[in-house]
Amino acid sequence: MMNSPKVNMSIQAAKKVNGLADPTKPFSSFMKYNKNDLEVTFHFIKAPAMTTFLKDKVFSMIKDNMMETYKKCPWGWNGKNKRAELFHKDARYILVRHSSDNSLAAFVHFRFDVENLIEVLYLYEIQIEKNVRGKGLGRYLMSLLETMAFHYKMKRIVLTVLKSEVDVVKFYFSLQYEIESYSPEDAFYYILSKKKKTLELTKN
């Protein structure tokens with residue numbers, strides 16, 4: 001089946017941004033966070049460029065944060081499948097490192113992709129170490145993603161969130177994410193999206 005010209009344009013738009021060496025480059029002055037007794041720096045990397053050591057650190061954080069939650073939902077926990085998703089050739093990362101010792105404090109896994117026939121920034125993961133939560137880092141990272149997505153003229157930011165993660169759902173609603181029209185009503189998760197920029201990216 002052939003794609004329509006509109007869908008082909010969306011595919012090309014996503015491919016173009018995916019091909020950039022570093023899509024965070026225009027926002028280099030915002031690639032740090034120094035607030036609420038937290039000092040971290042951000043680093044962009046594509047999954048194929050990650051070392052085995054770094055992949056293990058990323059996998060370890062998501063396992064610590066999410067394994068028990070996954071086990072309680074119909075998806076279940078499958079480490080092999082999760083690794084395949086995390087380190088897919090199109091996976092893009094913002095790594096958040098402590099300025100003091102360069103250790104991993106958080107990471108964002110996203111892709112520029114086509115979802116429901118339009119070009120989007122799809123947020124796969126935003127994972128933050130338990131001891132650095134509640135300091136505004138998550139909101140700041142979302143404002144950076146939002147700014148980047150609409151800078152590259154993506155039509156939406158899209159993400160999937162488990163309904164059981166009540167505080168996480170509230171967090172996204174507070175950032176003006178909405179339930180997508182194609183999000184299954186009877187599912188155990190929401191597909192959320194945002195169509196326009198509302199968060200201001202400010203230096204800190």
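**Warm-up**

Leu-117 sits in the loop between strand 4 and strand 5. Helices (H or I, at least four residues) and strands (E, at least two) are DSSP runs, and they are numbered from the N terminus. The model is predicted: local features need pLDDT of at least 70, side-chain atom pairs count only at pLDDT 80 or more, and totals for chains, interfaces and linings use all residues. Residues are numbered from 1 along each chain as its sequence is written, while side-chain values use heavy atoms, with hydrogens and water left out.

**Exercise 1: two loop residues**

Find out what sign phi has at Leu-117, then check whether Leu-117 is buried or exposed.

Step 1. Leu-117 isn't a glycine, yet its phi is positive, at about 75°.

Step 2. Now for accessibility: buried is under 20% relative accessible area, exposed is over 50%, and partly exposed is in between (1.4 Å probe, protein chains only). With a relative accessible area of 57%, Leu-117 is exposed.

Step 3. Try Asp-37 as well, in the loop between strand 1 and strand 2 (38-46). Its phi is near 60°, again a positive value in a residue other than glycine. Asp-37 has a relative accessible area of 81%, so it is exposed.

**Exercise 2: the two sides of helix 3**

Work out which residues of helix 3 (residues 79-86) are buried and how they are arranged around the helix axis.

Step 1. Picking out the buried ones gives Gly-79, Lys-82 and Leu-86.

Step 2. Look down the axis of helix 3: the buried residues fall within an arc of 60°, so they line one face. That arc is taken over the directions from the helix axis to the C-beta atoms.

Step 3. Here's the background: an α-helix has 3.6 residues a turn, so residues three or four places apart point the same way.

Step 4. Flip to the face turned away from the buried side and you'll find the exposed residues Lys-80, Asn-81 and Ala-84.

Step 5. What covers the buried residues? The cover includes helix 2 (52-71), strand 3 (92-98), strand 4 (104-115) and strand 5 (118-128).

Step 6. Finish at the start of helix 3, where a side-chain oxygen of Asn-78 comes within 3.1 Å of the backbone nitrogen of Lys-80.

**Exercise 3: a glutamate in strand 5**

Decide whether Glu-125 is buried or exposed and list what Glu-125 is in contact with.

Step 1. Locate Glu-125: it belongs to strand 5.

Step 2. Its relative accessibility is 6%, so Glu-125 counts as buried.

Step 3. Contact means heavy atoms within 4.5 Å. Skipping neighbours within four places in sequence, the contacts of Glu-125 include Lys-82, Glu-85 and Leu-86, along with Ile-62, Tyr-70 and Phe-107 among others.

Step 4. Check for a polar contact (a pair of N or O atoms within 3.5 Å; within protein, one must be able to donate a hydrogen and the other to accept it, and residues adjacent in sequence count only if both atoms are side-chain atoms). The side chains of Glu-125 and Gln-127 make one, at 2.9 Å.

**Exercise 4: ring pairs**

Count the aromatic pairs and classify the pair Tyr-33 and Tyr-140.

Step 1. Rings of Phe, Tyr and Trp (its six-membered ring) pair if their centres lie within 6.5 Å; planes under 30 degrees apart are stacked, over 60 edge-to-face, and the rest tilted. That rule gives 15 aromatic pairs.

Step 2. The centres of Tyr-33 and Tyr-140 are 5.3 Å apart with planes at 50°, so this pair is tilted.

Step 3. The pair links distant parts of the chain, 107 residues apart: Tyr-33 is in strand 1 (residues 32-35) and Tyr-140 in helix 4 (residues 137-151).

Step 4. Both partners are tucked away: Tyr-33 is buried at 3% relative accessible area, and Tyr-140 is buried at 7%.

Step 5. Compare Tyr-172 and Tyr-177, which form an edge-to-face pair, 5.7 Å centre to centre with 65° between the planes.

**Exercise 5: a leucine in strand 6**

Say whether Leu-159 is buried or exposed and which residues Leu-159 touches.

Step 1. Leu-159 is part of strand 6 (residues 156-162).

Step 2. At 1% relative accessibility, Leu-159 counts as buried.

Step 3. Leaving out residues up to four places away in sequence, Leu-159 touches Tyr-172 and Tyr-177, among others including Met-142 and Ile-191.
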